[in-house]
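Thanks for agreeing to look over this one with me. Please open the model alongside this note; my points follow below.

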Amino acid sequence: MRKGTALVVGATGITGGNLASYLTASGWSVYGLSRRPSDQAGVIPVAADLLDREATSEALAGLPITHVFYCTWVRRDNEKANVEANGAMMHNLLDALQGASLAHVSLVTGTKQYLGAFENYGSGKTETPFRESAPRVPGENFYYTLEDIMFATAERDGFSWNVHRPHTVIGYARGNAMNMGVTLAVYASICKATGKPFTFPGSQVQWNALTDLTDSLVLARQMEWAATTPGVHNEAFNTVNGDVFRWRRLWHEIGEFFELEVADCPETPQPLETQMADIAPTWAEIAKQKELVEADVTQLASWWHTDADLGRELECVNDVTKSRDFGFDHFRETRAAFFDLFARLRAERIIP
């Protein structure tokens, strides 16, 4: 028996791709929307650019969608432009589905809800652990725009909703703009091949502070749970693994996994985007020698995003008490999430 008909928006990304696979295995009919759909088992591809209102409407016309899982965004040069572009995408999608059989919308945002947008990062006074009840941080933030559009459209069209706020997501994906797990695996592989020490690229604060992360399967399970449990509709939920860690310990454990020398954390950040600026030929040579499936390092690593996470000068810990109180208690050890991902990347010849 099918649970519903899902439209996963951003089905080729780290969140959407893993969610689409999970929902398919869990008994859903799944449509996967992206600009350039990939061949994913059990997922019906829908090609559309959400910035194109007419094309979005045409692509979704007549589809029997009951649940939308919104897992995408587009990056622009500043937050004002982010608000305009991402807001237009959400408007175009929900307007295209007006009059359809839509019952529920799940929106994935993240911890910038509490930290502020990249250009005014940490400008708020939100105390850790971050709780869903915290007020919005002053300044423009496209997360808030997406929420407000969804809230208004839900009132107009009568569907329920949930917001999910993961920290950085660990999971399998290629060509994704927010992929720390694959980025660190590529960086470690480069260190191994070139004899460089495995040096933490971020801040002393991140090296020493407690933090948390989100496994893509934990997020997928929470999204399905919230979408199908009436008593938890119309709520926002933080989504993290349930454990906390310090990078100064986990970094050494990742180094041990790759059999690397781990350097001391530098006094000042050493961003990967700067370190890896000219690394493309080196990776291409590694890929050739080791017979890897992807020779273009830009399709694997998101240096800038990992730098943003690891370079923070403030603590980032998320409270999941609300989620637990409502009945979701799935847990994942963060270290195991990384190591399982690294093993898969090796098995699929993405890293040596």
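1. Which residue follows H14, and what is the sign of its phi? Arg349 comes after H14, and its phi is positive, near 60°. Please keep in mind that this is a predicted model.

2. Staying with helix H14, the length works out well. H14 covers residues 334-347, and because a helix rises 1.5 Å a residue, its 14 residues should span 20 Å; the end C-alpha atoms are 20 Å apart, which agrees.

3. As for what H14 touches, its buried residues are Thr334, Ala336, Ala337, Phe338, Leu341, Phe342 and Leu345. They pack against helices H6 (180-194) and H9 (247-257), and also against strands E7 (169-170), E9 (214-215) and E11 (245-246).

4. Now the chain as a whole. It holds 14 helices and 11 strands. For 352 residues, a compact globule would have a radius of gyration near 20 Å, and the chain has 20 Å, so the two agree. Taken along the principal axes, the C-alpha atoms fill a box of roughly 60 × 45 × 40 Å.

5. On packing, 55% of the 352 residues count as buried. Among contacts between residues at least 6 apart in sequence, 77% join residues at least 24 apart.

6. Finally, surface and charge. The chain exposes about 14,900 Å², with carbon and sulfur atoms supplying 48% of that area. There are 31 positive and 44 negative side chains, and the centres of these two sets lie 3 Å apart.

How values were computed: Residues numbered from 1 in each chain as written. Predicted model: local features only at pLDDT ≥ 70, side-chain atom pairs only at ≥ 80, totals over all residues. Heavy atoms only, no water. Helix = DSSP H or I, 4+ residues; strand = E, 2+ residues; numbered from the N terminus. Rg over C-alpha atoms; globule rule 2.2 N^0.38 Å. Buried < 20%, exposed > 50% of the residue type's maximum accessible area, 1.4 Å probe, protein only. Contact = heavy atoms within 4.5 Å. Areas by Shrake-Rupley, 256 points an atom, 1.4 Å probe, with all protein chains shown as cover. Lys, Arg positive; Asp, Glu negative; His and termini not counted. Charge placed at Lys NZ, Arg CZ, Asp CG, Glu CD. Expected span 1.5 Å × (residues − 1).
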